[in-house]
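Please find below a colleague's note on the structure shown here. The points are numbered so that each may be taken up separately.

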Amino acid sequence: MDRVLMLLSLKPILYGLVGMLISGTVFPICGVIIVRNNLMPMRYMLMHGVILGGIISVSFSLPLLPVTIALCVLLVLIMVHMGKEGSLGSSSTAMMVATMALASLFSHISGVPAKDTLEVLWGSPFALTLSDLFILFFLAIATLLYILIFFRPLSMIFFDREVAMSMGVKVERHNLVMLLLTALVVSVAMKMVGALLIDTLVILPVIGAGKRAKGLKDLFLRSTFTGFILSLSGYFISLYLNLPTSGVLAIISVGIYALESIIASITNRRKIKC
């Protein structure tokens, strides 16, 4: 314990803790948006966009976070434009393939070392800077305010888009805002746990909490609580055992999902017997 307290006196460790607590609490909100809007293919496109952004930032010695944010926002805008003539799932799949191809070609042409690419894939909360925390904080506030202010129209969109549109809800406008928020969250989450473990903070807390959630509001609350507990416990366990934070978070997240599944299964059996 003394060792952990001593580590928390170091700025990178303290910044990492603050970043993990904010992201663990807020990122699952965008996970709800992804799950309820069936946007699973889009997250793969964004993850590949993060990899491409990492290669570009390393090649030109540019700051990683602004580059990946700009690129992911651009990908979403292109995906939405392409999706007007079809589905977002199809356009996101096409963009995912194109982005991964560009990442491969750009890596070869620019000569980015493989080890640098792997660092982008795994990420680390200890790499957060004070400016990163400000970006994370304002993104968290914007996400929370959006959900709180527009909860009613969003719940209508999640229930049925056509019904929401008939009730005067600006469905396309809200869809674009939700997609952009998701792009921003994935970009920032990449620096926390890496491109390959983004689902740890964004998706798994939601699908785990969804096992016993009794409505949309309950799903939001359970997801944010699960994400907070996940980020807090995972961070301190990784510090105490001197293990990679991303790996510890992933294991705990899967464990929470498995536990929620077991509890939900037991509860459903009891209801059937009654």
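**Notes on the cavity, ring pairs and selected residues**

1. The lining of the largest cavity is made up of four nonpolar residues, two polar residues and one charged residue. Named individually, the lining residues are Asn37, Leu39, Leu88, Arg161, Asn175, Met178 and Leu179. The model under discussion is a predicted one, and the remarks below should be read accordingly.

2. How many cavities of 30 Å³ or more does a search of the whole structure find? The search returns one. The space in the largest cavity amounts to about 50 Å³. Helix α10, spanning residues 171–193, supplies the largest share of the lining, namely three residues.

3. Asparagine 37, one of the lining residues, is placed in the loop between α2 (11–36) and α3 (40–60). Its relative accessibility is 11%, and asparagine 37 therefore counts as buried, the limit being under 20%. The side chain of asparagine 37 makes a polar contact of 3.2 Å with the side chain of arginine 161. When neighbours within four places in sequence are set aside, the contacts of asparagine 37 are Phe158, Arg161 and Met178. Of these contacts, Arg161 and Met178 also appear in the lining of the largest cavity.

4. Asparagine 175 belongs to helix α10 and is likewise listed in the cavity lining. Is asparagine 175 buried or exposed? Asparagine 175 is buried, because its relative accessible area of 16% is under 20%. A polar contact of 2.9 Å connects the side chains of asparagine 175 and arginine 161. Beyond neighbours within four places in sequence, asparagine 175 is in contact with Ile157 and Arg161. Arginine 161 thus has a side-chain polar contact with asparagine 37 and another with asparagine 175.

5. Turning to the aromatic residues, the search of the whole structure yields six aromatic pairs. In one of them, phenylalanine 126 and tyrosine 235 are tilted, with 5.7 Å from centre to centre and 55° between the planes. This pair links distant parts of the chain: phenylalanine 126 lies in the loop between α6 (114–122) and α7 (130–149), whereas tyrosine 235 lies in helix α13 (residues 216–241), 109 residues apart. Phenylalanine 126 is partly exposed, with a relative accessible area of 30%, while tyrosine 235, at 0% relative accessibility, counts as buried.

6. A further tilted pair is formed by tyrosine 146 and phenylalanine 150, for which the centres are 5.3 Å apart and the planes make an angle of 45°. Tyrosine 146 counts as buried at 8% relative accessibility, whereas phenylalanine 150, with a relative accessible area of 32%, is partly exposed.

7. Which residues do ring pairs link into a cluster? The cluster consists of Phe126, Tyr235 and Phe236. Phe126 and Tyr235 are the partners in the tilted pair described in point 5.

8. Alanine 127 is located in the loop between α6 and α7. With a relative accessible area of 41%, alanine 127 is partly exposed. Leaving out neighbours within four places in sequence, the contacts of alanine 127 are Asp132 and Lys191. Between alanine 127 and serine 90, which are 37 residues apart along the chain, the C-alpha atoms are separated by 35 Å.

9. Two backbone values may be of interest to the reader. Most residues other than glycine have a negative phi. Serine 61, although not a glycine, has a positive phi of about 55°. Serine 61 is situated in the loop between α3 and α4 (64–83), and its relative accessible area of 67% makes it exposed.

10. Asparagine 242 is also a residue other than glycine with a positive phi, here near 55°. Asparagine 242 is found in the loop between α13 and α14 (245–273). Asparagine 242 counts as exposed because its relative accessible area, 61%, is over 50%.

Definitions and conventions:
Residues are numbered from 1 along each chain as its sequence is written. This is a predicted model: local features need pLDDT of at least 70, side-chain atom pairs count only at pLDDT 80 or more; totals for chains, interfaces and linings use all residues. Side-chain values use heavy atoms; hydrogens and water are left out. On a 1 Å grid over the protein atoms alone, a cavity is a set of points where a 1.4 Å probe fits but cannot get out, and a pocket is an open set with protein on both sides within 12 Å along at least five of seven lines; lining residues have an atom within 4 Å of a point. Grid points are joined across faces, edges and corners, and a volume is the space filled by probe spheres set on the points. Helices (H or I, at least four residues) and strands (E, at least two) are DSSP runs, numbered from the N terminus. Ala, Val, Leu, Ile, Met, Phe, Trp, Tyr, Cys and Pro count as nonpolar, Asp, Glu, Lys and Arg as charged, and the others, Gly among them, as polar. Rings of Phe, Tyr and Trp (its six-membered ring) pair if their centres lie within 6.5 Å; planes under 30 degrees apart count as stacked, over 60 as edge-to-face and the rest as tilted. Buried means under 20% relative accessible area, exposed over 50%, partly exposed in between (1.4 Å probe, protein chains only). Contact means heavy atoms within 4.5 Å. A polar contact is a pair of N or O atoms within 3.5 Å; within protein, one must be able to donate a hydrogen and the other to accept it, and residues adjacent in sequence count only if both atoms are side-chain atoms.
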